[in-house]
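Here is a short briefing to read alongside the chain you are about to see. Keep the viewer open and follow the topics in turn.

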Amino acid sequence: MKLVIHGKNIEITEAIREYVNQKVEKAVSHFQNLTTEVDVHLSVAKNPRNNSKQTAEVTIFANGTIIRAEESSENLYASIDLVADKIARQLRKYKEKRHAQKVQAPDTLNEALLEEQPLVEDLIGERTPELPEQVVRTKYFAMPPMTVLDALEQLQLVDHDFYMFRNADTGEINVIYERNHGGYGVLQPRNGNGQTKNGKANATASKSNPAKV
């Protein structure tokens, strides 16, 4: 198993490196047959009005699946402890999913996710969009084609509220996300005629009452 440690605004001392090795290796020790690489990203973001926020992020590459966890606190060692416990739970969840039988057919779930809500015209509602002044981090990752069901399973493992994937049915980039009021939604590109690439028409949300994300 390959373990890589990165640091931002912090020096990775030998003591920190040994602590990460001890905690993270213990967390993944029972899952090494599933794990090919572990990336650990440690960072300190200082705010003059608050105490320093010290973050530990762990990303595990397991047979083509990405499992991710992140925790922050005022103490880096505490953050490492928290994220190690969290990633261990995520790995257990992933292993259980691998052995569990799927109780719902993929096509049924795909249709439920895609047809549950009309096409969203307004993704931000009444919120004011805010963009960072500059790109502070760029990530690259493999994007093999997958079904909506596979993307949903990935979403539940990466500790984010959205997951971008290449749809195996259409070959296009989609985004699956957690809805504010429960459940999941899928964002798909639309052709000029109001249809998705696979030819299924979507209802257009009323401009007077736009759908909320």
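The notes below start with the whole chain and then move through its sheets, helices and loops.

This is a predicted model. Its chain holds four helices and eight strands, and they follow one another from the N terminus as β-α-β-β-β-α-α-β-α-β-β-β. Two open sheets are described below, one in the order E1-E2-E3-E4 and another in the order E5-E6-E7-E8.

**The chain as a whole**

- The chain has 213 residues, and 34% of them are buried.
- Among contacts with a separation of 6 or more, 51% are between residues 24 or more positions apart.
- About 13500 Å² of the chain is accessible surface, and carbon and sulfur atoms account for 48% of that area.

**The sheet of E1 to E4**

- Four strands make up this open sheet, in the order E1-E2-E3-E4, with mixed pairing.
- Strand E1 (2–8) and strand E4 (65–73) are the edge strands; each has a single partner strand, so one side of each lacks a neighbour in the sheet.
- From one strand to the next, the twist averages 15°.
- Nine bridges join E2 and E3, which pair in the antiparallel sense.
- One bridge to look up is that of alanine 45, whose partner in E3 is lysine 53.
- When you inspect side chains here, it helps to recall that in a regular strand they alternate between the two faces of the sheet.

**Helix H1 and its two sides**

- Helix H1 covers residues 14–28, which makes 15 residues. The distance from its first C-alpha to its last is 21 Å, close to the 21 Å expected at 1.5 Å a residue.
- H1 lies across E1, E2 and E3, and runs at about 135° to E1.
- Which residues of H1 are buried? They are Ile16, Tyr19, Val20, Val24, Ala27 and Val28. These residues span an arc of only 140° around the axis, which means that they sit on the same side of H1.
- An α-helix has 3.6 residues a turn, so residues three or four places apart point the same way.
- Glu14, Gln22 and Lys26 are exposed on the other side of H1.

**Two exposed loop residues, asparagine 9 and lysine 46**

- Asparagine 9 belongs to the loop between E1 and H1. Its relative accessibility is 61%, so asparagine 9 counts as exposed.
- Asparagine 9 is not a glycine, yet its phi is positive, at about 60°. For context, most residues other than glycine have a negative phi.
- Lysine 46 sits in the loop between strand E2 (37–45) and strand E3 (53–62). With a relative accessible area of 70%, lysine 46 is exposed.
- How many residues apart along the chain are lysine 46 and asparagine 9? They are 37 residues apart, while 9.1 Å separates their C-alpha atoms.

**The sheet of E5 to E8**

- This open sheet also has mixed pairing, and its four strands come in the order E5-E6-E7-E8.
- Strand E5 (145–146) and strand E8 (184–187) are at the edges, each pairing on one side only.
- Helix H4 (residues 148–155) lies across E5, E6, E7 and E8, and its direction makes an angle of about 155° with E6.

**The hairpins of that sheet**

- Strand E6 (residues 162–167) pairs with strand E7 (residues 173–178) in the antiparallel sense, over five bridges.
- Along this pair, methionine 164 is opposite valine 175 in E7, and phenylalanine 162 has tyrosine 177 in E7 as its bridge partner.
- The hairpin of E6 and E7 has five residues between the strands, and glycine 171 has a positive phi near 80° there.
- E7 also pairs with E8 in the antiparallel sense, over four bridges. Glutamate 178 stands opposite tyrosine 184 in E8.
- What phi does glycine 182 have in the turn of the hairpin formed by E7 and E8? Its phi is positive, at about 100°, and five residues lie between these strands.

Technical notes
Residues numbered from 1 in each chain as written. Heavy atoms only, no water. Expected span 1.5 Å × (residues − 1). Buried < 20%, exposed > 50% of the residue type's maximum accessible area, 1.4 Å probe, protein only. Arc of directions from axis to C-beta. Contact = heavy atoms within 4.5 Å. Areas by Shrake-Rupley, 256 points an atom, 1.4 Å probe, with all protein chains shown as cover. Pairing = 2+ DSSP bridges. Axes fitted to C-alpha atoms, helices over the stretch in contact; angles between N-to-C directions.
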